[in-house]
Amino acid sequence: MSSRTSRILSGGSLLLTALGYPAAAHAAVAWTATFEQGDASEWMPGTNPKGPDGVRKNFEVLSEQVYRGKFAGKITVHPDDLLGQYKQDRVDIQHQSTLTDEGKNMWISGHYMMPADAKVRNEIAFFESNVSFQNVMDFWVDAKVGGGTTINFGTGFLGANKLWTADFTQGVWHQVGIHVLWSTNAQTGSVDVWFDGQQVVTAAKAKTKADGNTLFFQTGLHRKDPANFDDTIYFDEFIEADTLADAKIAAPSAEPAGAGSGAGGMAGAAGAAGGSAAGAGGSGSPSGGSGGNATAGTTSVAGSASGGAPSGTGGTPSLPSAGTPSGAGTATSSDSSGCSLSRPTDQDAMTILVGLISLTSFVRRRRVL
């Protein structure tokens, strides 16, 4: 590329910035786990992957129940799956996150299904610090009074500060999504949570790091108190990323990928949750505020992008009108005064850049002639 071309493109970038286009983001997916290799290679060994006899498999990769693709993970905890001196029934696998340093943002989404209702409380997903092994937040399932199962989330040790609860239907795949701004300062750290594509916790302040150590993610079944029966859970399709969009937070599809759910429908649900990181554009917190309990569907989705609608409660993503993916039009946001601010879209930015490149080629041709 000639120096003249470089100057023109550089000037084009400055022009785009002046017009209000954001600088190019260096977003990336940090980790995925789909089990499609048919093994556990996407995870680290965790607690009690085998029974005490060394033969029984407590953690398996099978095709008997999957969210998408051919394989999914299955964990079964038994009465004799004890964790050392703590006398806890526990089976889990781990992922060593690369996005948990002070001040970093991390999004993780994953899918879960229980074939039977919970009988007791089971931690199913949580974060723990390296070296010091301090638990800082938890998702757990529990038996519901009168029958059924609840899913819950809280910050602090074993979710001591409970922020949300909802029904967790057996035999149905559910997606759980979380965004964490990691900090040892309780006024700086924050957490957002999504359940089946709907935001249920918005910018909850918390001490998200127990100390200066990085953290790892664990999923499985962890009974604080031993029980004399087995529990089973299936899990599939996890993504860790440094942006909301890359985490693909959306209502689970009841159809195979590429069928009725489609990329447009999935994008619609993700677009409905767009802009909600760390409370941006948030329309409220779960019913009852910090420490209160909110039921699924009572929390407003924050920061909906124009042109898309949230997924329906029935689990099938809603399609944007006129076949346009959510957020394809000019995105809007609000400042603290409530004024609507229009911002050019990425498609417009790309059009201008293509034009600038064409102009550069024309100038070079004129100089050669």
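The legends below accompany close-up views of a predicted model.

**View 1. The chain as a whole, with its four helices and 17 strands**. Of the 369 residues in the chain, 42% are buried, and the surface that the chain exposes comes to about 17200 Å², with carbon and sulfur atoms supplying 56% of it. When contacts are restricted to residues at least 6 apart in sequence, 64% of them join residues that are at least 24 apart.

**View 2. The largest nonpolar core, a set of 45 residues**. Within this core, the residues that touch the most other members are Y112, F127 and I178. Strand β8, which spans residues 135–143, gives the most to the core, with four residues.

**View 3. The surroundings of F127, one of the residues that touch the most other members of the core**. Leaving aside residues up to four places away in sequence, F127 touches M106, I108, Q134, N135, V136, M137, I178, W182, L215, F216 and F217. Among these partners is I178, which is itself named with F127 and Y112 for touching the most other core members.

**View 4. The largest cavity, holding about 60 Å³ of space**. The structure holds one cavity of 30 Å³ or more. The lining of the largest cavity consists of I108, S109, G110, Y112, A125, F139, V176, G177, I178, F217 and F238, and by class these comprise eight nonpolar, three polar and no charged residues. Strands β6 (105–113) and β11 (174–181) each supply at least two lining residues, and β6 gives the most, with four. Y112 and I178 belong to this lining, and both are also among the residues that touch the most other members of the largest nonpolar core.

Key. Residues are numbered from 1 along each chain as its sequence is written. This is a predicted model: local features need pLDDT of at least 70, side-chain atom pairs count only at pLDDT 80 or more; totals for chains, interfaces and linings use all residues. Side-chain values use heavy atoms; hydrogens and water are left out. A nonpolar core is a set of buried Ala, Val, Leu, Ile, Met, Phe, Trp, Tyr and Cys residues joined through side-chain atoms within 4.5 Å. Buried means under 20% relative accessible area, exposed over 50%, partly exposed in between (1.4 Å probe, protein chains only). Contact means heavy atoms within 4.5 Å. Accessible areas come from the Shrake-Rupley method with a 1.4 Å probe; for residues, only the protein chains shown count as cover. On a 1 Å grid over the protein atoms alone, a cavity is a set of points where a 1.4 Å probe fits but cannot get out, and a pocket is an open set with protein on both sides within 12 Å along at least five of seven lines; lining residues have an atom within 4 Å of a point. Grid points are joined across faces, edges and corners, and a volume is the space filled by probe spheres set on the points. Ala, Val, Leu, Ile, Met, Phe, Trp, Tyr, Cys and Pro count as nonpolar, Asp, Glu, Lys and Arg as charged, and the others, Gly among them, as polar.
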